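Visitor: I have this model open in my viewer and would like a close look at one part of it. Could you walk me through the sheet and whatever packs against it?

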Amino acid sequence: MASRETRKKIKIPLREEPEVCGGLLAQRLREKGFAPPPEAAPENTQETPKKSPVNTPEPLDIVLARAAKIVLQRETAGRGGKTVTIVSLREAPPVDLEALAKALRKGLGCGSHIEGDRIVLHGDIVDRASGWLEQKGAKRIVRGN
């Protein structure tokens, strides 16, 4: 094994501007006589297509404000004695229930899932859900049993 004094020291610069294909490794390979195949050179001339504003979903504040009625009810039937809160949007414009369920999960700190056209919040949190929906712009909230 060679001692430290006899080892050859190689200084590699920390920053070098990359060329057309690759970075420092590609540059070193080109210096040694290796060249990438012609089709390997990336072409960055194409721009990514922008999404059209037609497909973007409406913000939850607008959707909740347009909903004619939001019904909140407690339910324990068929859930092994556990209480859940059901959120039903009646006479509402088309809404992404998954996005609304995710927003409710984050805002209320609970679990949720979708059952048909209803959102099921885990726990007895009718009061908290009502307050959160009012804060987000819902106009008519009806509390069931």
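**The sheet and its core**

Guide: Let's start at one end of the sheet: L72 has R143 in β5 as its bridge partner. That pair belongs to the contact between β1 and β5, which run parallel and share 3 bridges. Keep in mind as we go that this is a predicted model.

Now zoom out a little. The sheet is open and has 5 strands, in the order β3-β4-β2-β1-β5, and its pairing is mixed. At the edges sit β3 (112–115) and β5 (141–143), each of which pairs on one side only. On average, neighbouring strands here are turned by 25° against each other, if you ignore direction.

Walk over to β2 and β4 next. These two are antiparallel, with 5 bridges between them, and I86 stands opposite V120 in β4. On the other side of β4 comes β3, again antiparallel, this time over 4 bridges. Look for E115, which stands opposite R118 in β4. The two strands β3 and β4 make a hairpin with 2 residues between them, and G116 in that turn has a positive phi of about 70°.

So much for the strands; what lies on them? Helix α3 lies across β2, β3 and β4, and runs at about 20° to β4. A good residue to click on here is I119. Leaving out anything up to four places away in sequence, I119 touches T85, I86 and V87, then L97, L100, A101 and L104, and also S112, H113 and I114.

I119 is also one of the residues with the most contacts inside the largest nonpolar core, along with I70, L104, L108, L121 and L133. That core has 22 residues. At least two of them come from each of β1 (69–75), β2 (84–90), α3 (97–108), β4 (118–122) and α4 (126–135). The largest share is from α3, with 6 residues. As background, nonpolar side chains tend to be buried together in soluble globular proteins.

Let's stay with L108 for a moment, a residue of helix α3. Is L108 buried or exposed? L108 counts as buried, because its relative accessible area is 7% and the cut-off for buried is under 20%. Which residues does L108 contact, apart from neighbours within four places in sequence? They are L121, I125, R128, A129 and W132. For a distance to check in your viewer, take the C-alpha atoms of L108 and I125: they are 8.4 Å apart, with the two positions 17 residues apart along the chain.

Finally, here's how that fits into the whole chain. There are 4 helices and 5 strands, and reading along the sequence gives α-α-β-β-α-β-β-α-β. Of the 145 residues, 23% count as buried. If you take contacts between residues at least 6 apart in sequence, 44% of them join residues at least 24 apart. As for the surface, the chain exposes about 11,200 Å², with 52% of that supplied by carbon and sulfur atoms.

Definitions and conventions:
Residues are numbered from 1 along each chain as its sequence is written. This is a predicted model: local features need pLDDT of at least 70, side-chain atom pairs count only at pLDDT 80 or more; totals for chains, interfaces and linings use all residues. Side-chain values use heavy atoms; hydrogens and water are left out. A nonpolar core is a set of buried Ala, Val, Leu, Ile, Met, Phe, Trp, Tyr and Cys residues joined through side-chain atoms within 4.5 Å. Buried means under 20% relative accessible area, exposed over 50%, partly exposed in between (1.4 Å probe, protein chains only). Contact means heavy atoms within 4.5 Å. Accessible areas come from the Shrake-Rupley method with a 1.4 Å probe; for residues, only the protein chains shown count as cover. Two strands pair if DSSP finds at least two bridges between them. Axes are lines fitted to C-alpha atoms, for helices over the stretch in contact, and angles run from 0 to 180 degrees between N-to-C directions.
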